[in-house]
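Me: I'm new to this one. Can you walk me through it?

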Amino acid sequence: MKKTTVLSAALLASALAMPAAAQMSVEDQIETRQSAYQFAAWNMGKIKAQAVDEEVEYDEKQIAAAANAIAAVANSGMGTLYSRDSANDRADDTRLKPNFFDELDKVQEIAVSFAQESSKLQEIAASGDKAAVARQFAKVGETCKNCHDNFRAE
Ligand code: HEC
C-alpha cells in the first residue's frame, strides 16, 4: 500500500511537471476533465440510487460496472489535464482555482486517496455486498468533496 502511494504521488508530480499537458490546448484540458468528472458523477449517482437511497432495485452488474468506470477515471492520470494556464484566473469556462498549483502536496494526497478509495470500491462492488458498497461509496464521495472544497470555485 505504502509503495503504491509513493509511486502514484510521484507519477502525479511528474505528470504535473511534464510538458505533456502542453500538447493539449487549455480548452481541451478543461473540457476533458469536466467530462471525466461528469462521467464519474453519473456513475456515482447510480450507486447512490441503488445502494444508498435504495430507490432503484440493486443490480450487482450495474453497480460493478459503475464502480469500474469511477476507478478508471480515478486511475487515468488526470494530472496531465491540469496546466497552470487552465485555472480560472487565466482561462474561461472553468472552476479550477489557482491555489491548486500552490498546494501540490495536498492535491497529490487527495488524488491518491481518490484512486485508492475508488479501487477499493471496485473490489467491493465485485463481491456484491450492498451495505459494504454503500460504506465505501461514502469514502469515495469524501475524496470528491475534499478536492472540491479546496480547489473548485463555487
Ligand atoms: C483532484 C481533485 C478532484 C477530485 C478527486 C474530484 N473532483 Fe470533481 N472537480 C474538480 C475540479 C477542479 C473541477 C472543476 C473543473 C473545471 O471546471 O475545469 C471539478 C468539477 C466537477 C464537476 C462539474 C463538471 C463540469 O461539467 O463542469 C462534477 C460533476 C464533479 N467534479 C464531480 C466529481 C465527483 C463525483 C468526484 C468523485 C467521484 C470528483 N468530482 C472528484 C476536482 C476534483
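Me: Let's start with Q122. Is Q122 buried, partly exposed or exposed?
Reply: A caveat to begin with: this is a predicted model. Q122 is partly exposed, because its relative accessibility is 30% and that class runs between 20% and 50%.

Me: Where does Q122 lie?
Reply: Q122 lies in helix 4, which covers residues 104-127.

Me: And what does Q122 touch, leaving out residues up to four places away in sequence?
Reply: Q122 touches A67, N68 and A71.

Me: Take N68. How many residues apart in sequence are Q122 and N68?
Reply: They are 54 residues apart in sequence. In space, their C-alpha atoms are 5.5 Å apart.

Me: New topic, the ligand. How many residues surround the ligand?
Reply: There are 17 around the ligand. The closest are Q38, T94, C144, C147 and H148.

Me: What is 2.9 Å from a polar side-chain atom of H148?
Reply: A nitrogen atom of the ligand. R152 also has a side-chain N or O atom 3.4 Å from a ligand nitrogen. For Q34, a side-chain N or O atom is 2.7 Å from an oxygen atom of the ligand.

Me: Which elements give two or more residues to that shell?
Reply: Helix 2 (26-52) and helix 5 (130-151).

Me: Which gives the most?
Reply: Helix 2, with seven residues.

Me: Last one. How do the shell residues divide into nonpolar, polar and charged?
Reply: Nine are nonpolar, five are polar and three are charged.

Note on methods:
Residues are numbered from 1 along each chain as its sequence is written. This is a predicted model: local features need pLDDT of at least 70, side-chain atom pairs count only at pLDDT 80 or more; totals for chains, interfaces and linings use all residues. Side-chain values use heavy atoms; hydrogens and water are left out. A residue is near a molecule or strand if one of its heavy atoms lies within 4 Å of it. A polar contact is a pair of N or O atoms within 3.5 Å; within protein, one must be able to donate a hydrogen and the other to accept it, and residues adjacent in sequence count only if both atoms are side-chain atoms. Helices (H or I, at least four residues) and strands (E, at least two) are DSSP runs, numbered from the N terminus. Ala, Val, Leu, Ile, Met, Phe, Trp, Tyr, Cys and Pro count as nonpolar, Asp, Glu, Lys and Arg as charged, and the others, Gly among them, as polar. Buried means under 20% relative accessible area, exposed over 50%, partly exposed in between (1.4 Å probe, protein chains only). Contact means heavy atoms within 4.5 Å.
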